[in-house]
Amino acid sequence: MAIDMTPVRTTSRTWLLLVLLAVASSACGPRTKQQRQSYGEKRTDEATLLLNEATTHLRELNADQAEPLLVKAQEVLAHPDVDLSPEGEMLRSELAELQARVPRVREEKVRREKQAVTERERKEKQAVVERERKELEAAVEKQRDAVMEALFAANEALDALEAKDAGSAQVTAASDALQRTRERLKTGKELEAKSEDYSASARSTERKLEQAEARLKQGRKVIDFVSGPLGGSQEAPELEKKARKEKDIAARLSLYTEVRERYLLCGSEAEKLLSEMPELARSPLPVKGRPMVLKAVATGCKKKAGLTQRAVVKLEKAKVKWEKAQAKREKAREKMEKLKAAKQKAREAAKQKALARKRQ
């Protein structure tokens, strides 16, 4: 139902006129038809004012204030002299229409109040949703920035593994940086269930961490090789110099054997690393001084192991000859010792025999 909201004002002068009409009505009763008609018109004027006031209240959805005015208007229009007024029938029709509007106005007021409550609740819920959305966005942004910062630091630490001076300290630093990134990612686990965007970002970060773990594993293997077998092979030339100066053949053989073993270990470990990481075939290793390529290292160490093996074989043969000569010398010495012992024994026996003759 459409409710007319056009305001109609009733002034204090209107109420004064109503009072005057009432007084006039009570002062004298109708006697002639003309007097009755005049009285009826006064009653319709009074009813008009009441209906206008009631209409105003109904337009403002104030049925409780309009209803008493309609009751009063009904009493005024109930007078038989109203029938003589040209406006009587029209006002009674208007009264009936206004009386019919009262329950509808009450319903409309209730509906609007409910609608207002619903709208207020909707706005309050919307405000809560908007606040929670902004809080979630802020939390996601903060968490994402923290994860990206940790991941950036981890990538820098991984890059340091490829530097010429990379060593165990860089491996530890990279491992710690990746662990911090994983822990940072774990703190945002609850946000993954609340934000699809952050959940997708977290999955992307996890894939990057897997790739970073692979880089760390490769870097650790390379550094272990550089600091282990390759480092040992780089110390081999000094051992070889020491071996050449060594006079004792057994000590010299031991030194050359150690040199050979270092080169062999370097070559075998280089080939193993190359099979696991073919991309290192032509990549420089993080070695101080001149850059070294893993494939060249494997070839060089195997070649040097072969050259050293020749020296080891010669020394092993020389040692066998020396040991045989030494054994002969030992036998000769033992023979001489026996001869000396026999001569000494013979002299002792002769001496004892001479003493025995003197006693006789």
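C301 counts as buried, since its relative accessibility is just 5%, under the 20% cut-off for that label. Keep in mind that this is a predicted model. The partner of C301 is C266: a disulfide joins the two, with 2.2 Å from S to S. C266 is buried as well, because its relative accessibility comes out at 0%. If you go looking for other links of this kind, a search of the whole structure finds 1 disulfide. The link of C266 and C301 is right-handed, with 60° about the S-S bond. C266 sits in helix α8 (residues 249–276) and C301 in helix α9 (residues 294–359), so the pair ties together parts that lie 35 residues apart in sequence.

Now step back along the chain to a pair of helices. Helix α4 covers residues 88–160 and helix α5 covers residues 168–186; their axes come within 8 Å and cross at roughly 165°. That angle is over 145 degrees, which means α4 runs roughly antiparallel to α5. As for handedness, α4 passes α5 in a left-handed crossing.

What do the two helices bring to their contact? From α4 come Q143, A146, V147, A150, L151, A153, A154, A157, L158 and A160, and these meet Q170, A173, A174, A177, L178, T181, R184 and L185 from α5. Sorted by character, the residues of this contact of α4 with α5 split into 14 nonpolar, 3 polar and 1 charged.

A bit further on, you get to helix α6, which spans residues 189–194 and holds E192. Is E192 buried or exposed? Its relative accessibility is 13%, so E192 counts as buried. Leaving aside residues up to four places away in sequence, E192 touches Y198, S199, A202 and R203. Those neighbours take us into the next stop, since helix α7 runs over residues 196–245 and E192 touches residues numbered 198 to 203, by the cut-off of heavy atoms within 4.5 Å.

Helix α7 is also where you'll find A214. With a relative accessibility of 37%, A214 counts as partly exposed, because that label is for values between the buried limit of 20% and the exposed limit of 50%. For a feel of distance along the chain here, take A214 and P237: they are 23 residues apart, and their C-alpha atoms are separated by 35 Å.

Key. Residues are numbered from 1 along each chain as its sequence is written. This is a predicted model: local features need pLDDT of at least 70, side-chain atom pairs count only at pLDDT 80 or more; totals for chains, interfaces and linings use all residues. Side-chain values use heavy atoms; hydrogens and water are left out. Helices (H or I, at least four residues) and strands (E, at least two) are DSSP runs, numbered from the N terminus. Buried means under 20% relative accessible area, exposed over 50%, partly exposed in between (1.4 Å probe, protein chains only). Axes are lines fitted to C-alpha atoms, for helices over the stretch in contact, and angles run from 0 to 180 degrees between N-to-C directions. Angles under 35 degrees count as roughly parallel, over 145 as roughly antiparallel, 65 to 115 as roughly perpendicular and the rest as oblique. A crossing is left-handed if the near helix is turned anticlockwise from the far one by less than a right angle, and right-handed if clockwise. Ala, Val, Leu, Ile, Met, Phe, Trp, Tyr, Cys and Pro count as nonpolar, Asp, Glu, Lys and Arg as charged, and the others, Gly among them, as polar. A disulfide is a pair of cysteine sulfur atoms within 2.5 Å.
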